[in-house]
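I opened this notebook to record what I looked up in the model, entry by entry. My topics are the contact between the chains, the backbone, the salt bridges and a single serine.

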Amino acid sequence: MTPETTQSVSQHSVSDVASGHDAHAHGHAPTGLMRWLLTTNHKEIGTLYMLFSLLMLFIGGTMALVIRAELFQPGLQYVQPEFFNQMTTMHGLIMVFGAIMPAFVGLANWMIPLQVGAPDMALPRLNNFSFWLLPVAFTTLLATLFMEGGGPNFGWTFYAPLSTTYAPPSTNFFILSIHLAGISSILGAINIIATILNLRTPGMRLMDMSLFVWTWLITAFLLIAVMPVLAGVVTMMLLDINFGTSFFDAAGGGDPVLFQHLFWFFGHPEVYIMILPAFGIVSLIVPAFARKRLFGYASMVYATASIAILSFVVWAHHMFTVGLPLTAELFFMYSTMLIAVPTGVKVFNWIATLFRGSISFETPMLFSLGFIVMFTIGGLSGVMLAIVPADFQYHDTYFVVAHFHYVLVPGALFAIMAAAYYWMPKWTGHYANETLGKWHFWLSVIGVNLTFFPMHFSGLAGMPRRIPDYALQFADFNMLSSIGGFLFGFSQLIFVWVVIKAVRGGVKAPAKAWEGAEGLEWAVPSPAPLHTFDTPPEFVPERDSPSRHSDH
Amino acid sequence: MTVHQSTDNSSGVKRTVRNTLFALVAMVGFTIALVPLYDVFCEITGLNGKTADSAQVISATGVDTSRTVRVQLVTRSAPGLPWRLEAINQVVTVHPGEVAQARFRFTNTSDQRLSGRAVPSVSPSQGARHFRKMQCFCFQEQWLAGGESLELPLVFQVDPALPDDVATLTLAYTLYPMGEEIALGGLHD
């Protein structure tokens, strides 16, 4: 961090002298640890978010490797079933709330002000608070592993009554940490909405915004809408556990199925919260390296909005086997399949952008192309799962595990990696090492497919989720998955090395780091100085808008 | 120019924050409202096999002797209550519209006076609202002295409006302990 830090600080003091103002009162800014604790700068907070999510990726990844090590062979080898359940639960919670979501919020913090030409986020101090809630939340969550009775062991979906009547005593801490992470997301979302709606540079209309900004605006609305539902669910759990209410307890007139309805009313929009910003990232990178404008800008915006709206009416497709009336199953089946339409629009738009493009395969492009191919595989297995009679077979098997890992790992995570390689020159002033980047990509692709593709087969053959031991006929598929899991996990260390190398040095990047890239972020120097766009940049829609009609 | 713009921004930001906070509060309210809404929805549709929790009158729509419906009666006990609940008649075959009776035996196997409540559930769930109970021990909690055994009736009627494709209804009773705290804290009673 140090070279980047000194460089940005020196650059910003130079620009201070040049512009001759002291509006931010950063002449006596705190240094060292206090600087990071108290920072209100969107770039520093963005960096904190991303470093935090990288740490969580490795903690959650270590748990995944504990799972894969245990499943390498049938029988119990390394861990007891109770601990295995804690690993599957914590792996899911940490990856969803600790790795993927904060990574996107970090990217939003860094790039949204740069892409809309704003000097900072609209509410910088709130921004600081929403980041620092996260370490508290996840320290609390991880601490439950060391408590009497162990950590959460009821799956990341924490279905009642497993998470109420039969839960370990540490569940109260789990509820607290979910509350904190939820508040952090809500405050982050408010900040992002306020920034996008109010701080755009003069002349930039909504339909002139980059797709990353657009997808994040829609994601932020989803967060505002569903995070309160999550908070409500965990509060009801808290009341059931400690205060004798019976929201989810049939004995007192409650209903455990109500838990599932409430959880998935949050949970399904949540999966789009984790994928929409990825769509935005890929929609920037594909045109940049195909050296063509994005095909169908407006349809991308409308498709994103359609997916967000549809996400509120499909939740019960996670619950086909609880005993829904036939009409409800039909409704949720068709509404779920309907989502394939706007998603398909997006995939076709990316392919049309590539068509007759002048394509080069730098690391960000490789990750984006990998995203398109493998996210589509995950999308197709999603349509399979939407079919009610088929779902009765697939439900709670490894087929489901394969499906959501395909959309979350080579989907969301690959998009985050693509974004990191794409904007690394803007963040550090140096290009990421191409050779290492390509090794990272190809080992990740092989690892991810070796891990998750065989899970389709073991799932179709009937292997259930969340078990530490399995029948002998699943042994070969599981061994392949475990080998792939370790390959994928250790390949991510290459990424850490790439980041360290880029921070320390490497090929210097100009302001516009990629030939075909568009957007206001490329108008500021690389690395971006600590303070940018103190005066709003010039924006001419006919020249700068990604939705402009004429090609220049 | 910068100063002018920043004041413009701050009022816009304030408005946006106010609106998003309003949306947030509305969603919190909606979440709380979902709990009673879900109960009402279940009562109307019979979703989740919930049946009415008070006695219903006999529906005089006539007996449909052209159909017979098998009513299976099953029982199970939730942990925490040393009681036994048995269905004396495990299967009752009725015509839709006919009023029938089934008997259940409650036995307290401990030596303490305890209370419990049997909670019914009907499957398939589309049959739930067509299962009418005139008299049922499930409408209130039961008290049994240590070692006491008690036989209680269920008087019911299957509504002739039951969909034709339902030939078997399963009525499951789950016996739950009724501690003082649950009786007081139950929000849905």
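**Entry 1: the interface**

I am working with a predicted model, and I began with the charges across the interface, where the count of salt bridges between chain A and chain B came to zero. I then looked up polar contacts across the interface of chain A and chain B, and the rule finds three residue pairs, both residues of each being at pLDDT 80 or more.

Which helices of chain A supply at least two residues each of the side that touches chain B? I noted α6 (171-198), α7 (211-242) and α8 (256-273) of chain A as the ones that do. I also sorted the residues on that side of chain A by character, and they divide into 25 nonpolar, 11 polar and two charged.

For the extent of the interface, I noted that 38 residues of chain A are in contact with 33 residues of chain B. The size of an interface is often given as the accessible area lost when the parts come together. For chain A and chain B I wrote down about 2,900 Å² buried between them, with 71% of it on carbon and sulfur atoms.

**Entry 2: backbone of chain A**

I turned next to peptide bonds and phi angles, keeping in mind that most residues other than glycine have a negative phi, and most peptide bonds are trans.

I found that the peptide bond from A:Ala160 to A:Pro161 is cis, with omega near 5°, and I placed A:Pro161 in the loop between α5 (124-143) and α6 of chain A. I also found a cis peptide bond from A:Ser526 to A:Pro527, its omega being near -5°, and this proline, A:Pro527, is in the loop between α17 (475-504) and α18 (541-544) of chain A.

For phi, I noted that A:Arg291 is not a glycine and yet has a positive value of about 55°; A:Arg291 is found in the loop between α9 (276-290) and α10 (297-310) of chain A. I recorded a positive phi of about 55° for A:Arg466 as well, although A:Arg466 is not a glycine, and I located A:Arg466 in the loop between α16 (434-460) and α17 of chain A. How accessible is A:Arg466? Its relative accessibility is 28%, so I entered A:Arg466 as partly exposed.

**Entry 3: salt bridges**

I looked up the total over all chains, and the structure holds 13 salt bridges.

I returned to A:Arg291, which forms a salt bridge with A:Glu515, the closest N and O atoms being 2.9 Å apart. This pair links distant parts of the chain, since A:Arg291 is in the loop between α9 and α10 of chain A and A:Glu515 is in the loop between α17 and α18 of chain A, 224 residues apart. Are the two partners buried or exposed? A:Arg291 counts as partly exposed because its relative accessibility is 30%, while A:Glu515 is exposed, with a relative accessible area of 61%.

In chain B, I noted that the side chains of B:Glu86 and B:Arg105 meet in a salt bridge at 3.9 Å, N to O. B:Glu86 lies in strand β2 (residues 83-87) of chain B and B:Arg105 in strand β4 (residues 99-108) of chain B, so this pair ties together parts that are 19 residues apart in sequence. I entered B:Glu86 as partly exposed at 28% relative accessibility and B:Arg105 as partly exposed at 30%.

I also looked up B:Glu151, which forms a salt bridge with B:Arg103, with 2.8 Å between the closest N and O atoms. Here B:Glu151 is in strand β8 (residues 149-158) of chain B and B:Arg103 in strand β4 of chain B, 48 residues apart, and the pair links distant parts of the chain. B:Glu151 is partly exposed, with a relative accessible area of 36%, and B:Arg103 is partly exposed at 29%. I then noted that salt bridges that share partners join B:Arg84, B:Glu86, B:Arg103, B:Arg105 and B:Glu151 into one network.

**Entry 4: one serine in α6**

Where is A:Ser185? I placed A:Ser185 in helix α6 of chain A. A:Ser185 has a relative accessible area of 14%, and buried means under 20%, so I entered this serine as buried. Leaving aside residues up to four places away in sequence, A:Ser185 touches A:Met101, A:Leu223 and A:Met227.

Technical notes:
Residues numbered from 1 in each chain as written. Chains lettered and ligands numbered in written order. Predicted model: local features only at pLDDT ≥ 70, side-chain atom pairs only at ≥ 80, totals over all residues. Heavy atoms only, no water. Contact = heavy atoms within 4.5 Å. Buried area = accessible area lost by both parts, 1.4 Å probe. Salt bridge = Lys/Arg side-chain N within 4 Å of Asp/Glu carboxyl O. Polar contact = N/O pair within 3.5 Å; in protein donor to acceptor, adjacent residues only side chain to side chain. Helix = DSSP H or I, 4+ residues; strand = E, 2+ residues; numbered from the N terminus. Nonpolar A, V, L, I, M, F, W, Y, C, P; charged D, E, K, R; others polar. Buried < 20%, exposed > 50% of the residue type's maximum accessible area, 1.4 Å probe, protein only.
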